[in-house]
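Reader: I have a two-chain model open here and would like to talk through it with you. Could we start with the odd backbone spots and then move outward?

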Amino acid sequence: MVYKVKLDVFEGPFDLLVYLIESAEMSIYDIQVAEITKQYMEYVERIQKVDTALAGEFMVLAASLIEIKSKMLLPRKSSEEGLDLLEDPRSELVQKLLEYKMYKQIAAYLEEQEERTQRIYEKPKEDLTLYTKEADVYLSLDLVPFVKAFELFLQKKKRMEEVQKRYSSIKQQQMTIESRIEQIKQLFRGRKRLKFRDLVNEDRTRQNVVLTFLSMLELIRQKAVKVNQNVNYGEITFTINEKDMVAEKGE
Amino acid sequence: MSRKETIKSAFESMMFVWGEPLDVKVAADIFNIDRKEAYDYFKELQAEYETQGRGIRIREIDKSFQLCTWEENDEYIQRLCTPVKEKRLTQSAMETLAIIAYKQPVTKGEIESIRGIKCDRVIEGLMKKELIEEVGRSTGIGRPILYGTTKVFLKNFGFTHITDLPQMEDISDVIRESEDEEREDPLQITLDWQER
């Protein structure tokens with residue numbers, strides 16, 4: 001897992017630049033570009049180690065700072081009247097910084113406003129369904145449609161009963177193989193041999209027969225019983241394993 | 001009760017039921033009266049609550065009115081139930097919001113050029129909080145989206161209308177004043193804080 005450490009101190013390149021200029025107690029109108037560029041680059045190099053993408057955002061301004069710095073080095077031409085006609089290479093940057101500073105101040109003002117407003121509470125919109133919900137239907141019902149509705153209900157009931165006569169519903173399996181095995185073991189108490197017929201005598205539903213058969217298969221797999229069937233579809237006889245009986249007694 | 005009194009008292013009840021800011025237009029339509037007339041009644045109600053020093057106040061948010069608590073009662077409400085306050089905006093979100101509030105309608109490009117840094121995520125966050133919205137498209141190259149502030153912004157920052165924002169030139173005065181105060185008498189500030 002990668003942890004991203006965000007240096008939240010400066011919100012962007014201008015933020016950093018404003019901070020550097022202010023902490024050096026320079027006038028924003030007379031920036032000592034060489035000094036500021038040096039400090040700016042130092043910071044960028046530091047964050048570059050942490051977050052290259054973020055450092056990239058600071059690079060554009062770094063480039064223009066260097067450009068301004070190099071322009072400042074060039075001798076400035078003065079006209080004969082001694083008036084400096086060339087624009088100060090810093091002026092565009094100064095304009096941008098001033099604009100940024102302005103918005104930074106507005107942000108501070110908005111923060112104050114937000115803090116003030118957070119002290120005011122409002123009620124969230126209430127659940128108006130209490131008022132807008134339609135009145136309960138049966139209250140507005142005449143006797144005639146009520147009787148009709150009841151007749152409809154009776155007819156529906158009749159139809160349902162007819163359908164139910166023809167189909168039986170499927171019940172969920174109530175017993176697991178494990179619990180059936182326990183029951184069968186009880187039947188084997190004191191007896192050595194049992195026919196399959198005897199096992200399903202009480203309950204001959206298809207479900208019980210299948211369940212009992214599966215349980216016996218499981219017992220055969222566990223080698224708890226031996227199975228014997230003489231002819232196809234003939235009587236199935238189970239003989240309990242002597243060893244298992246010993247274990248049973250030991251219980 | 002005069003007709004005017006009836007309408008005013010009805011507006012009061014309606015605001016109570018509605019909870020959220022009630023649009024003057026909606027209220028006016030109910031009585032079939034002029035919007036200006038309805039607006040004036042709301043304003044009168046608002047003034048009455050204020051002069052009587054009620055714990056419930058009426059605030060206006062862009063031609064909508066809403067009942068809310070008086071801000072000075074904040075402390076007692078806190079003691080009663082410590083309501084959860086909404087998370088404050090980050091510094092970068094606040095800067096972006098400031099630019100949008102004052103320069104709207106404004107494109108992302110313009111915001112980024114002022115802040116000198118990419119603003120996609122911040123703008124996305126402000127949109128999610130419903131503080132800003134798309135208000136159209138610029139006619140410039142690529143027809144970029146224009147952003148503006150919403151009613152939620154007005155409400156959360158305590159402005160009744162976008163024109164309520166102080167002039168840019170005044171902002172620096174407001175800030176300077178509060179800074180001066182801090183320098184002159186820092187003790188005073190501490191006392192203020194305790195009073196809250």
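Reader: In which loop of chain A is the place of Tyr233(A)?
Author: This is a predicted model, and in it Tyr233(A) sits in the loop between strand 2 (225–229) and strand 3 (236–240) of chain A. Although Tyr233(A) is not a glycine, its phi is positive, at about 65 degrees.

Reader: And is Tyr233(A) buried or exposed?
Author: Tyr233(A) counts as exposed, because it has 6 C-beta neighbours inside 10 Å, and the exposed class takes in residues with 12 or fewer.

Reader: Which residue of chain B has a positive phi although it is not a glycine?
Author: Asn32(B) does, with a phi of about 55 degrees, and Asn32(B) lies in the loop between helix 2 (24–31) and helix 3 (35–51) of chain B. Asn32(B) is exposed, because 6 other C-beta atoms lie within 10 Å.

Reader: What about peptide bonds, where is the cis one that involves Pro105(B)?
Author: The bond that runs from Gln104(B) to Pro105(B) is cis, with omega near -5 degrees, and Pro105(B) itself belongs to the loop between helix 5 (91–103) and strand 4 (106–107) of chain B. As background, most residues other than glycine have a negative phi, and most peptide bonds are trans.

Reader: Which residues does Leu146(B) contact, if I leave aside its neighbours within four places in sequence?
Author: Leu146(B) is in contact with Pro105(B), Val106(B) and Thr107(B), and also with Glu134(B), Val135(B), Gly136(B), Arg137(B) and Ser138(B). Leu146(B) is found in strand 6 (residues 145–149) of chain B, and its C-alpha atom is 7.7 Å from that of Gln104(B), although the two are 42 residues apart along the chain.

Reader: Why does Leu146(B) count as buried?
Author: Leu146(B) counts as buried because it has 20 C-beta neighbours inside 10 Å, and the class begins at 20.

Reader: Changing topic, how many residues does the largest nonpolar core have?
Author: That core has 48 residues, and those with the most contacts inside it are Leu110(A), Leu97(B), Ala98(B) and Ile100(B). Not counting residues up to four places away in sequence, Ile100(B) touches Val106(B), Ile111(B), Ile132(B), Tyr147(B), Gly148(B) and Thr149(B). Apart from the largest core lies another, of 13 residues, with Met15(B), Trp18(B), Ala27(B) and Phe42(B) among them.

Reader: How many residues does each chain bring to the contact between the two?
Author: Chain A brings 31 residues and chain B brings 33. On the chain A side, helix 1 (13–23), helix 3 (52–73) and helix 4 each supply at least two residues, and the largest share, 16 residues, comes from helix 4. By class, that side of chain A has 14 nonpolar, five polar and 12 charged residues.

Reader: Where in chain A is confidence lowest, and where is it highest?
Author: Within chain A, helix 10 (residues 242–250) is lowest, at a mean pLDDT of 51, and helix 4 (residues 91–117) is highest, at 89. Over residues 245–251 of chain A the pLDDT is below 50, and beyond near neighbours in sequence this stretch has one contact in the model. Where pLDDT is low, the predicted coordinates should not be read in detail.

Reader: And what is the mean for chain A?
Author: The mean pLDDT of chain A is 79, and 82% of its residues reach 70 or more.

Terms used. Residues are numbered from 1 along each chain as its sequence is written. Chains are lettered from A and ligands numbered from 1 in the order in which they are written. This is a predicted model: local features need pLDDT of at least 70, side-chain atom pairs count only at pLDDT 80 or more; totals for chains, interfaces and linings use all residues. A nonpolar core is a set of buried Ala, Val, Leu, Ile, Met, Phe, Trp, Tyr and Cys residues joined through C-beta atoms within 7 Å. Two residues are in contact if their C-beta atoms, placed from the backbone, lie within 7 Å. pLDDT is the predictor's confidence in each residue, from 0 to 100. Helices (H or I, at least four residues) and strands (E, at least two) are DSSP runs, numbered from the N terminus. Ala, Val, Leu, Ile, Met, Phe, Trp, Tyr, Cys and Pro count as nonpolar, Asp, Glu, Lys and Arg as charged, and the others, Gly among them, as polar.
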